[in-house]
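Colleague: Could you walk me through how to read a structure like this one? I would like to go feature by feature.

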Amino acid sequence: MNRVELRVDIIRKFGTQGNFAKELGWTENKLSKMMQGRYTPNLDEVICIAEKLGLEEKRFLTIFLDKKSPNGDKTKKVS
């Protein structure tokens, strides 16, 4: 997960991570752990994040699929 890009979208739309956590129905602590890489959201949570931020497909891929796949294949950059 590209947390830098995710943070940009959160701040742009909600002003603070705290406001976004409230919108998700999460504690600020849970969101903070996710943003620090200490918590990995499940699929339902990822979908909720994407919907609340209004992410289009390209932006979703940039944020959530920016790393190599588990089997070592490199992902293609979306252009």
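**Reading the model, feature by feature**

Modeller: Happily! Let us start at the end of helix 2, where glycine 25 follows with a positive phi, near 80°. Keep in mind as we go that this is a predicted model.

Colleague: Before going further into details, how many helices and strands does the protein chain have?

Modeller: There are five helices and zero strands. Reading along the sequence, you get the pattern α-α-α-α-α. The protein chain has 79 residues, of which 29% count as buried.

Colleague: And what do the contacts say about sequence separation?

Modeller: Take the contacts in the protein chain with a separation of 6 or more: 52% of them are between residues 24 or more positions apart.

Colleague: Back to helix 2, then. Which of its residues are buried?

Modeller: They are Gly18, Phe20, Ala21 and Leu24. Look down the axis of helix 2 and these buried residues fall within an arc of 160°, so they line one face of the helix. Their packing partners are helix 1 (3-14), helix 3 and helix 4.

Colleague: Can we follow one of those residues across to another helix?

Modeller: Try alanine 21 and serine 32: they are eleven residues apart in sequence, and their C-alpha atoms are 8.9 Å apart in space. Serine 32 lies in helix 3, and its relative accessible area of 23% makes serine 32 partly exposed, because buried means under 20%.

Colleague: Next, helix packing. What should I look at when two helices pack?

Modeller: The general idea is that two packed helices are described by the angle between their axes and the distance between the axes. In this model, helix 1 and helix 5 pack at an angle of about 130°, with their axes 7 Å apart. Helix 1 and helix 5 are therefore oblique to each other, because an angle counts as roughly antiparallel when over 145 degrees and as roughly perpendicular from 65 to 115.

Colleague: Which residues make that contact between helix 1 and helix 5?

Modeller: From helix 1 come Glu5, Leu6, Val8 and Asp9, and from helix 5 come Arg59, Thr62 and Ile63.

Colleague: Let me pick one from each side. Is aspartate 9 buried or exposed?

Modeller: Aspartate 9, which lies in helix 1, counts as buried at 9% relative accessibility. Leaving aside neighbours within four places in sequence, aspartate 9 is in contact with Leu53, Leu55, Arg59 and Ile63.

Colleague: And what does threonine 62 touch, not counting residues up to four places away in sequence?

Modeller: Threonine 62 touches Asn2 and Glu5 on that count. Threonine 62 is found in helix 5 and counts as partly exposed at 29% relative accessibility. Asparagine 2 is 60 residues away along the chain, yet the C-alpha atoms of threonine 62 and asparagine 2 are separated by 7.2 Å.

Colleague: Now the rings. How many aromatic pairs does the structure hold?

Modeller: The structure holds three aromatic pairs. One of them joins tryptophan 26 and tyrosine 39, with 6.4 Å centre to centre and 90° between the planes, which is edge-to-face. This pair links distant parts of the chain, 13 residues apart: tryptophan 26 sits in the loop between helix 2 (17-24) and helix 3 (28-35), and tyrosine 39 in the loop between helix 3 and helix 4 (43-53).

Colleague: How accessible are those two residues?

Modeller: Tryptophan 26 counts as buried at 13% relative accessibility, whereas tyrosine 39 counts as partly exposed at 25%.

Colleague: What about the pair formed by phenylalanine 60 and phenylalanine 64?

Modeller: Their ring centres are 5.0 Å apart and the planes stand at 40°, so the pair is tilted. Phenylalanine 60 and phenylalanine 64 are four residues apart in helix 5 (residues 57-64), which means they are separated by about one helical turn. Phenylalanine 60 is partly exposed, with a relative accessible area of 24%, while phenylalanine 64 counts as buried at 13%.

Colleague: Last one: where does lysine 30 lie with respect to tryptophan 26?

Modeller: Lysine 30 lies over the face of tryptophan 26, at 4.4 Å from the ring centre. Lysine 30 also appears in the contacts of tyrosine 39, which, leaving aside neighbours within four places in sequence, are Arg3, Lys30, Lys33, Met34 and Glu45.

Technical notes
Residues are numbered from 1 along each chain as its sequence is written. This is a predicted model: local features need pLDDT of at least 70, side-chain atom pairs count only at pLDDT 80 or more; totals for chains, interfaces and linings use all residues. Side-chain values use heavy atoms; hydrogens and water are left out. Rings of Phe, Tyr and Trp (its six-membered ring) pair if their centres lie within 6.5 Å; planes under 30 degrees apart count as stacked, over 60 as edge-to-face and the rest as tilted. Helices (H or I, at least four residues) and strands (E, at least two) are DSSP runs, numbered from the N terminus. Buried means under 20% relative accessible area, exposed over 50%, partly exposed in between (1.4 Å probe, protein chains only). A charge sits over a ring if NZ of Lys or CZ of Arg is within 6 Å of the ring centre and within 35 degrees of the ring normal. The arc is that of the directions from the helix axis to the C-beta atoms. Contact means heavy atoms within 4.5 Å. Axes are lines fitted to C-alpha atoms, for helices over the stretch in contact, and angles run from 0 to 180 degrees between N-to-C directions. Angles under 35 degrees count as roughly parallel, over 145 as roughly antiparallel, 65 to 115 as roughly perpendicular and the rest as oblique.
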